[in-house]
Amino acid sequence: MVFRKPPDGGWGWVIVVVSFFTQFLCYGSPLAVGVLYLEWLDAFGEGKGKTAWVGSLANGIGLLASPVCSICVSSFGARPVAIFSGFMVAGGLMMSSFAPNIYFLYVSYGIVVGLGCGLLYTATVTITCQYFDKHRGLALGLISTGSSVGLFIYAALQRELIELYGLDGCLLIVGALSLNILACGSLMRPLESSSSPPPEKMCVDKVPDQYFVYHEKEKTAEENISILEKGYIDEKCVNNVPDCKQDSVLNKNVLSSINVNEKDTYKKKVVEQTNFCKQLAKRKWQLYLTYWKETMVLFKNKVFSALFVAILLFDIGGFPPSLLMEDVARSANISEDDYYMPLISIIGIMTTVGKLILGILADFKWVNTLYLYVTTLLMTGVALFAIPFAKSYLTLAMLSGILGFLTGNWSIFPYVTTKTVGIEKLTHAYGILMFFAGLGNSLGPPIVGWFYDWTQEYDTAFYFSGFCVLLGGFLLLLAALPCWNACTSQSSKLPPNTYSYKVASNA
C-alpha cells in the first residue's frame, strides 16, 4: 500500500484529537485501577499479591504483546483494529462487573482489557506517525497525555461511581463510556493514495505467471475445442453409427494424449510451486536468523544492555505506587476527612506535567538525555525509600506528586533509545525494551503485594522497590561514564550501526 506524503496538519489534527480521547478512554480505568483494587480486596478476600495481579496484567499485557499488536495494525490497518479493540475494552470492563472470583478478573480485566489497550496504543501511535513528519514529536506528545489525564479523572470518577452504584455498577458505567472508542476509531481515516491499485489486483500482479496451473486464455481455448468436438461427434453419431464409434475411439486416443501432456505440465508446475515454497521458507528462516543476530548485536552495546536492565527494574519498582498508593494510605490509618483528592489522581496529573517538562528539557542541546533519564531513576528510588516514613496525607500527596512527575520520563525514553542504538535500530530495540517494560509492569505490583502478605506492612516492600530502581539507575550511569566507554572501546569494537552513548554528545 502506497501512502501519500504526511500532511503535517489538516485531518491529522483530527487524528490527534481522537487518539487523545482513545487513550483517555482505554487507559483511564487500568491506570486508575488502584481504586478498584481496594474494592476487590474487600469483595473477594484474597491476598494483596494475588489481587494485584489484576491491575498488573491490565497494564503489562499490552506491552508484552506489542509484537502481536504491531502485526495486527500492519495487516488490518489502524481503524479496524481500533474499532475491534474498543469492543474488547468495553466488553472486558462489563464482564468484570459479573466476576464471581479473582481468577475471572485475571481474564476479563487483566487479559481482555489489557490486550485491547495494547492494540489501541499501537493503532493510535501508528496512524499519528503516518499523518505527521515535521510535527511528529508534538503530535505524539499530545496523544500520550491522554492516558495521564485519564488516570487523573478516572481515579475520582470511579471512586464516586462506587459510592453511588457499587463496584458492579461502576464497571458497567465505565465499560459503557469505553464504547465511545468506536466513534473515535471510525474517524481514523487511513492515509492512502487515491491512485494506488486495489489490494486484490496488487496481490495477483505480484504472483508470477509460471505459478498458475491454468491460464485464462488456455482455459477458454480448451473449452471451445471441447464444445466443437462434442458437437461434431454428436452430429456424426446421428448420421452414421460406425463412423461415430471410430471417431470416438480416435477422439479418446487424442484426449488421452492431451491428458498425458496436461499431467506432465501439471506435475512440472507442482514441482515449481514446491521449489517456490521451499525458497520462501528458506527466506523466512534467514529473516529469523537475521533478527536474532541483530538482537545479539544490540546486546553487545553495554549501554543498551544496561538500559534493558534499568527499564525492567524501574517498572518492577516504580509502577506499584500508582496501583497501591490508595491502600498505603488506608494502611497508614489516614482519616477520610483529610483525604482531599485521591493520591492516584495526583500521580496522574503530575505525570502529565512531567512528560511535558522532561520532553521540553530533552530538546535543549546542552541537556544530555541519558543523564537526565538516569537522574529521574535515582530520584525515583529515593522517593520510594521515603514512602515508609510518610504517615500523613500531606506527605503521601507530596511523594505521589514527585513519583508522578518522575514517571513522566517515558516521554524521553525514545530519545535515549535512539541515541544509544541509532535511528536504524530504533524499532527493533524499542520493541525489545517495551517487552521487558511490560514484564516489569506485570511483576512489580504482585511482588510488592507478596511482601505485604509476608510481613503485614509495606515498609519492606517499598525498600525493595527503591533498591530495584536505584540499582538500575546506577548500572546505567556506570555504563554511560566516559572512562568506562574509553576502556571498552580500546579492548573491543562495536558492530556497525551501534555505538556507545558518549557523554559529551548532545541529545
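Contact here means heavy atoms within 4.5 Å. The model discussed is a predicted one. By that contact criterion, serine 97 touches Asp168, Leu171 and Leu172, once residues up to four places away in sequence are set aside. This serine sits in the loop that links α5 (78–96) to α6 (102–131). Its side chain also reaches back to the backbone oxygen of methionine 94, at 2.5 Å. Is serine 97 buried or exposed? With a relative accessibility of 6%, serine 97 counts as buried, because the cut-off for buried is under 20%.

Zooming out, the fold is all helix as far as regular elements go: the protein chain has 20 helices and 0 strands. Of its 507 residues, 45% count as buried. Among contacts with a separation of 6 or more, 83% are between residues 24 or more positions apart. The accessible surface of the chain adds up to about 25,500 Å², and carbon and sulfur atoms hold 67% of that.

Helix α4 (residues 66–76) gives a neat picture of sidedness. Its buried residues are Ser66, Cys69 and Val73. Looking down the axis of α4, these buried residues fall within an arc of 60 degrees, so they line one face of the helix. The spacing fits the usual geometry: an α-helix has 3.6 residues a turn, so residues three or four places apart point the same way. On the other side of α4, the exposed residues are Val68, Ile71, Ser74, Ser75 and Phe76. Just past the end of α4 comes glycine 77, with a positive phi of about 100 degrees.

Next comes a piece of the surface. Leu164, Tyr165, Ile173 and Leu177 together make a nonpolar patch of about 370 Å². One of them, tyrosine 165, is found in helix α7 (residues 136–178). Tyrosine 165 counts as exposed because its relative accessible area is 52%, and the cut-off for exposed is over 50%.

Further along the chain, alanine 383 belongs to helix α15 (residues 369–386). What does alanine 383 touch, leaving out residues up to four places away in sequence? The partners are Leu399, Ile402 and Leu403. Alanine 383 counts as buried, since its relative accessibility is 6%. In addition, alanine 383 and phenylalanine 462 lie 79 residues apart in sequence, while their C-alpha atoms are 9.6 Å apart in space.

Key. Residues are numbered from 1 along each chain as its sequence is written. This is a predicted model: local features need pLDDT of at least 70, side-chain atom pairs count only at pLDDT 80 or more; totals for chains, interfaces and linings use all residues. Side-chain values use heavy atoms; hydrogens and water are left out. Helices (H or I, at least four residues) and strands (E, at least two) are DSSP runs, numbered from the N terminus. Buried means under 20% relative accessible area, exposed over 50%, partly exposed in between (1.4 Å probe, protein chains only). Accessible areas come from the Shrake-Rupley method with a 1.4 Å probe; for residues, only the protein chains shown count as cover. A polar contact is a pair of N or O atoms within 3.5 Å; within protein, one must be able to donate a hydrogen and the other to accept it, and residues adjacent in sequence count only if both atoms are side-chain atoms. The arc is that of the directions from the helix axis to the C-beta atoms. Patches are made of residues with over 30% relative accessible area and no salt bridge: like charges are joined within 9 Å, nonpolar side chains (Val, Leu, Ile, Met, Phe, Trp, Tyr) within 5 Å. A salt bridge is a side-chain nitrogen of Lys or Arg within 4 Å of a carboxyl oxygen of Asp or Glu.
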